[in-house]
Each structure stands twice: as C-alpha cells, then as structure tokens.
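Biologist: Please take me through the cysteines, the strands and the aromatic rings of the following model. I should like the reasoning behind each value.

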Amino acid sequence: MAVPSVRDVLAFHKLDRGMYEKLVALGTTPEVSRNVVAVFMWLELIGVDVIDYIRCNPDHYILLRLAAEAESILDCVRRDTPPSDGAESSLAIPLTASLVNEPLNLRFFYCHRDVAVRGITQILDGVGTLIFDDYLHALLAEYEAEAQAAEADAQRRRAKAVLPLLPRELARPYLPRVSPTPDDSRSMFITFSKGFPLKREDIVEYFTEKWGDCVERVMMEKTTTSAAMPTYGRIVFTSESFIGLVLNGKQLVKFTIKGRQLWARKYEQRTNPI
C-alpha cells in the first residue's frame, strides 16, 4: 500500500484546515482553534458527524456555535468534578447532541475523559502536525498558484502544461511521529504556595486519574536542607499536546490538588530553574 505524501494528507484534510483558518479569522486564538478542530475530528471518529454537518451548513454561526460546544467539552474533561445531571450537562451541547440518535451530554465526556484526551492528543500529535502547520500550507498555496498559472498559460497556447516541481517538503511521505519530542517541549513549570508543596505522587495521581497515563515524570526543586520544602517543580508529559490542552491558550492555569494550589505554565529552558 502506497504511503501518502504530505501533500496528499493536506489535501485530504482541506476542510479541517479551512475550519481552523476561519476560527482564527473570526477571533479565536490559534491554540484554542487547534484544540477545537481536533475535538471535531475526534467526534467524527466516534460517530458524531460534526464536520459533515459543518460541510453541509457552511455558515459562520454554525461553526462558532459548534466551536463553543467543543470548548465546553474540553472544559468538562479538564474538570475535577462531574457536571450535574441537570441543565448544565444536557443543555451545554445541544447542537452536537442533535447529531446522534443516542442521548449525549457533558457527563458522557467527563466519564470518558481519558479516552477523549487520548484521542484528541493522538490527532494533534499525528495529522495535526501537518494540518496546523502554517509553513506547509503557505508552501502548498504557492505551489498550487504556480500550477494553476502554468495550466492557464498552456491553455492559451494550446500546449501541454509543464507543472512546477512539487517542493520536497510536500512530496515527502507522511510518516507519523514515533519518537517523542524533546523533554523541554513536553514540560510545564509548576509552582506551589509557600509552605504548601505537593508530593510527586500526588501530582502524577491527579493527572493520571483525569487523563490516563499522560505523565512521564515529575521533578521537584532540590532544597538545601531536609527541613526546607520545594516551591517549584516541572512536569514532563508523554506528549506535547497535553500542554496545549491544559493551557488552552492561557499563560497560566491553577489546579487544586488535595486542597493545595498548583500553578502551571509552559516550561521555558532559559527562564525556568529546573
């Protein structure tokens, strides 16, 4: 079986890219837009035909409404407590729920949040690396413009078109990433309230219970004395995409773990001390 090229993958996911670009143009941040489209793609995989509905209803209002419901789903899988059985759960995603015959509400996504997050991150780490790559799409647009110009010129001259050479970045075979990205790109810098640190095990348990096996390791500040307590640390996730789902476009987020607060932001090697 022939391996598809990068261009083939981009062509197949043209609608997905179009939704992403439209959301960004309408004011949604690129980070949130990526997560929303990844949710759409995952919903399609589990039988909720969101993308097909958008294709048949190419209206900005429909896209924004479904995007808002996708954000509600993402907020739900980040939660520490389940949504209620009442209106909060059943009325939060009415349009999405209307696309399936079985009852669908936020409690479904909360109860299956590990499956949801795993599916979404697999998309972001897989074809998402191409779909949301601005450079590749600029290269494709330039190539297609040159090819169209060559075909138009050939028609005028009633000659055979000589198409431009496909850039090697687009011609190369698409091979899903096997090895993980460097630790720094998969890390979050964490800080604790002074005098209220958390144990490594508590942090790992918190994220594992929510999203499954997503933490590779947790590093803590090395204190100078046995009595001193760490004030900061670093979480290395198994995938870079977990960070995008945690932050969702924000610079800093807060978690409450066993009654103690933890603040997290994207790790930066130059400025973070661990």
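Modeller: A disulfide is a pair of cysteine sulfur atoms within 2.5 Å. The model is a predicted one.

Biologist: How many disulfides does the count come to, by this rule?

Modeller: C76 is in no disulfide, with the nearest cysteine sulfur, that of C111, 8.4 Å away. C214 is in no disulfide either, the nearest cysteine sulfur being that of C76, at 16 Å. By the 2.5 Å rule, the count comes to 0 disulfides.

Biologist: Is C214 buried or exposed, and at what relative accessible area?

Modeller: Buried requires a relative accessible area under 20%. C76 meets this with 1%. C214 is likewise buried, and its relative accessible area is 0%.

Biologist: Why is strand β1 described as largely enclosed by the rest of the structure?

Modeller: Strand β1 covers residues 187-192, which makes 6 residues to consider. The strand counts as largely enclosed because the number of its residues that are buried is 5 of the 6.

Biologist: Which residue of β5 stands opposite I190?

Modeller: β1 pairs in the antiparallel sense with strand β5 (residues 260-266), over 5 bridges. In β5, the residue opposite I190 is A264.

Biologist: Which residue of β3 stands opposite F189, and over the face of which ring does that residue lie?

Modeller: β1 and strand β3 (residues 232-237) also pair in the antiparallel sense, over 5 bridges. F189 stands opposite R234 in β3. R234 lies at 4.0 Å from a ring centre, over the face of Y267.

Biologist: What is the geometry of the pair formed by the rings of Y206 and F255?

Modeller: A pair of aromatic rings is described by the distance of the centres and the angle of the planes. The count comes to 11 aromatic pairs. For Y206 and F255 the centres are 5.8 Å apart and the planes stand at 70 degrees. Planes over 60 degrees apart count as edge-to-face, so the pair of Y206 and F255 is edge-to-face.

Biologist: How many residues apart in sequence are the parts that this pair ties together?

Modeller: Y206 and F255 are both buried. Y206 belongs to helix α13 (residues 200-211), whereas F255 belongs to strand β4 (residues 253-257). The pair therefore ties together parts whose separation in sequence is 49 residues.

Biologist: Which residues form one aromatic cluster with Y206 and F255?

Modeller: Y206 and F255 pair as edge-to-face rings. Both belong to one aromatic cluster, together with F207, W211, F237 and F242.

How values were computed:
Residues numbered from 1 in each chain as written. Predicted model: local features only at pLDDT ≥ 70, side-chain atom pairs only at ≥ 80, totals over all residues. Heavy atoms only, no water. Buried < 20%, exposed > 50% of the residue type's maximum accessible area, 1.4 Å probe, protein only. Helix = DSSP H or I, 4+ residues; strand = E, 2+ residues; numbered from the N terminus. Pairing = 2+ DSSP bridges. Phe/Tyr/Trp six-rings, centres within 6.5 Å; stacked < 30°, edge-to-face > 60°. Lys NZ or Arg CZ within 6 Å of the ring centre and 35° of its normal.
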